[in-house]
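Biologist: I should like to learn how confidence, burial and disulfides are read in a model. Could we take them in turn?

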Amino acid sequence: MKFIKQIITISIILILPFTFCKKEGDGADSGTSSAVDVNGKGIGPVTKVDLGDIDQAKAAKGKQHFDTKCSACHKFEEKVVGPPLAGVTERRSPEWIMNMILNPVEMTQKDPAAMELYATYLVQMTFQNVSQDETREILEYFRQMDNRKNKRRFI
């Protein structure tokens, strides 16, 4: 497991310099900031998420996706490579969280909150080849973790 984490970390470091390269004439801005705040929903394919009670089956699948694709860089209570995730569902909208997972490069280029995270952690989050359904399951896992944290706080 440690070897896999090292490979993922090295891969991120090697990919980082190429992440923000722009091609001539690709329509990208000319260096001026183009921050966009879309009502805290971020930038990406997710414009609306209907939340109900936490779906335990989706949360279980979300934990599996998280353990496989996210846990090398994120923990809930501590900083690893990326920010700790405890309370993320309280700080960010469900749409923002899903768009950050599905569209991390554009988010860190245009969304003010994602730009701030990138400036703080200096690491570009990479797309982990997850579908929108898998991302929704990861969101449900985050909701479950934050719900557990809040229950412990009041006991």
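The dialogue below treats these topics in order.

Biologist: What is the mean pLDDT of the chain?

Modeller: This is a predicted model, and the mean pLDDT of its chain is 82, with 73% of residues at 70 or more.

Biologist: Which elements have the lowest and the highest mean pLDDT?

Modeller: Helix H1, residues 2-19, has the lowest mean among the elements, 52, whereas helix H2, residues 56-69, has the highest, 98.

Biologist: Over which residues does pLDDT stay under 50?

Modeller: A general caution comes first: where pLDDT is low, the predicted coordinates should not be read in detail. Here, the values remain under 50 over residues 13-33. The model has 16 contacts beyond four places in sequence for that stretch.

Biologist: Is helix H4 mostly covered or mostly uncovered?

Modeller: In general, an α-helix has 3.6 residues a turn, so residues three or four places apart point the same way. Helix H4, residues 94-102, is mostly covered, and nine of its nine residues are buried. Among them are Glu95, Trp96 and Asn99.

Biologist: How many disulfides does a search of the whole structure find?

Modeller: A disulfide is a covalent bond between the sulfur atoms of two cysteines. The search of the whole structure finds zero. Cys70 is in no disulfide, and its nearest cysteine sulfur belongs to Cys73, 8.6 Å away.

Biologist: Why is the sulfur of Cys73 not bonded to that of Cys70?

Modeller: Because the two sulfurs are 8.6 Å apart, they are too far for a bond; the cut-off is 2.5 Å. As for burial, Cys70 is buried at a relative accessible area of 14%, and Cys73 also counts as buried, at 15%.

Notes:
Residues are numbered from 1 along each chain as its sequence is written. This is a predicted model: local features need pLDDT of at least 70, side-chain atom pairs count only at pLDDT 80 or more; totals for chains, interfaces and linings use all residues. Side-chain values use heavy atoms; hydrogens and water are left out. pLDDT is the predictor's confidence in each residue, from 0 to 100. Helices (H or I, at least four residues) and strands (E, at least two) are DSSP runs, numbered from the N terminus. Contact means heavy atoms within 4.5 Å. Buried means under 20% relative accessible area, exposed over 50%, partly exposed in between (1.4 Å probe, protein chains only).
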